[in-house]
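User: Hey, I've got a protein here and would like a quick walk through it before I go back to the bench. Can you take my questions as they come?

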Amino acid sequence: MEDFRRMYLRLCKEGGVEPQESVVAQLQEGRAAQGSRLDLSGQSLSVDTCSVLARAFQKETYFTEVSLSDCMLSEEGAKVLLTGLFGNNTVKILDLKGNNLRSSGAEVLGKLLAHNKTLRRLVMEWNALGVWDEAFSLFCEGLASNSVLTHLDLRNNQINHHGASELALALKRNTALEVLDLRWNSIGLLGGRSLLEALQKNKSIVQLEMAGNNIPCDTLKALEQTTGHNSDRQSTLRESRSRTQVLSMEIQTLKDMKGRQFLNLMETIDRQREEISHSNRSTSIQIGQLQEALNERKSAVNSLTAKLQMTEAALALSEQKNHNMGELLTRVKAEKEEQRERQSRERKKEQEDCALRESKLLREIQDQNQTSIQLRSKVEEMERRCKSQQHQIFELKQELTNSTAELKLRLAQAEDRLEIEKRRSKQALEDMDTLRQKEVEHMNCHLEESERALQERIFKLEGQRIQLEEELSKAKAACVTERVQAEEELGRVRAQVRLEEQEHMSALEEKLRSVRSSLQEVQLHCSQQKQTISELQAKTSQQSVEMDGLRRRIEELQQELSGKDREKVAEVSRVKVELQEQIGHLQAERTAQTGLREKISALERELKVLRGNHREALLDKESEMSSMQEKLRLREAEILRMREDEANRASYLQSAILTYVQGSPLGQYSSPKK
């Protein structure tokens, strides 16, 4: 394989480009090209060097990792370099950190992701891809059509909520990306919501980094929950795939074992047939030999009948003995045929038993497959229910936060109105003091006018208080209805929600803290109001007796304010009680979740029991196979015994024939001649 430095110099000569000295020096020292990694980070690459590198990448190189971080690439250089990677089939990791790529770089990167089929990891940290929305949309289109990239780093790329929405649309179509890093951008609340909607459809992303994007804690937690669900789903899919592979392997091994056992049975049966045929041939040969000997003896006896009359009786006796021997031979043949028929029947029975066992095994395997499919469907249904319930809980949280914010705004507005009215009263008192010094005679008119104005203000305040009470009652009724709906929906939850419990508790603690802080603020505000009122009382005490009516009215206003403070305290206590009720409902939800966990453990136990039953069935089948082998061995021993009995019978027949021949007078006459 040609050295990369030589190839670089050769391509520079062919293109008429002067080689860059820093790149040549780094290549010569061996720091740039190390094994399968090309590292040119920190080198300010020109357009000519980028074109030479693009030509090198177009050829068959052996680099799988290319690092071009902090290379100060220009727009033209980035275009040329990235176009050279379109048809590359070796580079799997590409690092373009800190090159300030913008519109044209984003477009070329989108084309690269659309054309390249080998790039697995892309690092684009410290660039500016999100500055131009159109170029970033093209980049997102290329990402959507890519099916190979698994790791994408987009930190510090100035991506706003529009870019986040485009990226969300791309993630809805992409099914290969697993790790996405979007830290330190300006995505915001809208971008976080769009990414959350995309992750509800995308099932491949396992890790998502979103720090430093001005996204609320609720959306960040929801994103973490969705990524956690995706990781759990992938782990369950992997486990199910491994289990199915193990089951398929076990089934294949069982099939192989059955096939081998069947072949062994057929081989043993063929061997037994060959041995029986061989024994039949040997017995037929022996019988033929005996018949030939008997025929010879008969011819000798017939030739000597004329000479020896004494031998006729012996010959008759020998004929009778021969007849008896023939009967014995026929009996032996009949017994052999019966034995053959029995063996054939037993073989048929064994074959039928094997077929029945095989059918039983196949049925059991099908039942196990059906149970596994049902369990998978149950798991998928539980996941869907969890996702829907999480979405509903998130919406309820948003509604609760909105309602609390509206109530706080209304309280703040009421307090502002009270403060404005107090200021007005202060100004009126000051005006009255000045008028008292100047025009004592016209005080009665001013007092009557002030009394009318105060009465009108009191009526207005009472109307506003009534309106606020009505609005609070409506908000409480809406909260009660929403609470009932939330309780009904939360009662249906049947999945694992460990992280959600912690998040609920933290949110409730934050709400309690906020309520306590608001209570403290209200108390401080009330104390300040009391101080101001005391100051006003001190000022009015110094005035003349003519201001006593005003003092009484101010005291009435103070009483009304204290009543309002009491009402605020009562409302705060009601909020505390409602929060305690919510905590009780959450505890009930915890108990329900513990019940669901117990159900899951019961299902796991059932799976373990099914596995044990499967193993016991396998052990039973192995024991049956061993018993079949023992039966075959016993039958082989019986066949050997039968053969030995047949050999013994043949030897007995031969010995009896020889004794008969030797004891006959023919044998006596023939023996001296020999």
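**Salt bridges, charge and a few odd spots**

Analyst: Let me start with Glu346: its relative accessible area is 33%, so Glu346 is partly exposed. Keep in mind that this is a predicted model.

User: OK, and which residue does Glu346 form a salt bridge with?

Analyst: That would be Arg635, with the closest N and O atoms 3.3 Å apart. The pair links distant parts of the chain, since Glu346 sits in helix α10 (residues 310-438) and Arg635 in helix α13 (residues 548-663), 289 residues apart.

User: Is Arg635 buried or partly exposed?

Analyst: Partly exposed, because its relative accessible area is 22% and buried means under 20%.

User: Do any salt bridges join up into a network, and which residues are in it?

Analyst: Salt bridges with shared partners tie Lys97, Glu125, Asp153, Arg155, Asp181 and Arg183 together in one network. Within that group, the side chains of Arg155 and Asp153 meet at 2.8 Å, N to O. Asp153 has a relative accessible area of 11%, so it counts as buried.

User: How many salt bridges does the structure hold?

Analyst: Eleven. Another one of them pairs the side chains of Asp39 and Arg37, at 3.2 Å from N to O.

User: And how accessible are Asp39 and Arg37?

Analyst: Asp39 has 15% relative accessibility, so it counts as buried. Arg37 is at 30%, so it is partly exposed.

User: Remind me, why would side chains like that pair up at all?

Analyst: Opposite charges can pair when the charged atoms of the side chains come close.

User: Fine. Now the surface: which residues make up the patch of negative charge?

Analyst: Glu107, Asp133, Glu134, Glu141 and Glu166 gather there. Helix α6 (residues 133-145) gives the largest share of that negative patch, three residues.

User: Where is Glu107 found, then?

Analyst: In helix α5, which covers residues 103-115. Glu107 has 33% relative accessibility, so it counts as partly exposed. That value also clears the patch cut-off, because patch residues need over 30% relative accessible area.

User: What about positive charge, which residues form that patch?

Analyst: Arg243, Arg605, Lys608, Arg611 and Arg615 form a positive patch on the surface. Most of that patch comes from α13, with four residues. Arg615 is found in that helix, α13, and at 58% relative accessibility it counts as exposed, because the cut-off for exposed is over 50%.

User: Back to α5 for a second. What does Ser104 touch?

Analyst: Ser104 lies in helix α5 and touches Glu75 and Lys79, leaving out residues up to four places away in sequence. Its relative accessibility is 9%, so Ser104 counts as buried.

User: And Asn202, where is that one?

Analyst: Asn202 is in the loop between α8 (188-201) and β8 (207-209). Its relative accessible area is 3%, so Asn202 is buried.

User: What is Asn202 in contact with?

Analyst: With Leu171, Asn174 and Asn230, once neighbours within four places in sequence are set aside.

User: Switching to the backbone: which residue has a positive phi although it is not a glycine?

Analyst: Met72 is one of them, with phi at about 55°. It lies in the loop between β3 (65-67) and α4 (75-84), and at 63% relative accessibility it counts as exposed. Asn100 also has a positive phi, near 55°, and is a residue other than glycine.

User: Where does Asn100 lie?

Analyst: In the loop between β4 (93-95) and α5. The relative accessible area of Asn100 is 44%, so this residue is partly exposed.

User: Last bit, the big picture. How many helices and strands are there?

Analyst: The protein has 14 helices and eight strands.

User: And how much of the protein do buried residues make up?

Analyst: Buried residues make up 32% of the 674 residues. The protein exposes about 42600 Å², with carbon and sulfur atoms supplying 51% of that area.

User: What share of the contacts comes from residues 24 or more positions apart?

Analyst: They account for 84% of the contacts with a separation of 6 or more.

Notes:
Residues are numbered from 1 along each chain as its sequence is written. This is a predicted model: local features need pLDDT of at least 70, side-chain atom pairs count only at pLDDT 80 or more; totals for chains, interfaces and linings use all residues. Side-chain values use heavy atoms; hydrogens and water are left out. Patches are made of residues with over 30% relative accessible area and no salt bridge: like charges are joined within 9 Å, nonpolar side chains (Val, Leu, Ile, Met, Phe, Trp, Tyr) within 5 Å. Accessible areas come from the Shrake-Rupley method with a 1.4 Å probe; for residues, only the protein chains shown count as cover. A salt bridge is a side-chain nitrogen of Lys or Arg within 4 Å of a carboxyl oxygen of Asp or Glu. Lys and Arg count as positive and Asp and Glu as negative; His and the chain ends are not counted. The place of a charge is taken as NZ of Lys, CZ of Arg, CG of Asp or CD of Glu. Helices (H or I, at least four residues) and strands (E, at least two) are DSSP runs, numbered from the N terminus. Buried means under 20% relative accessible area, exposed over 50%, partly exposed in between (1.4 Å probe, protein chains only). Contact means heavy atoms within 4.5 Å.
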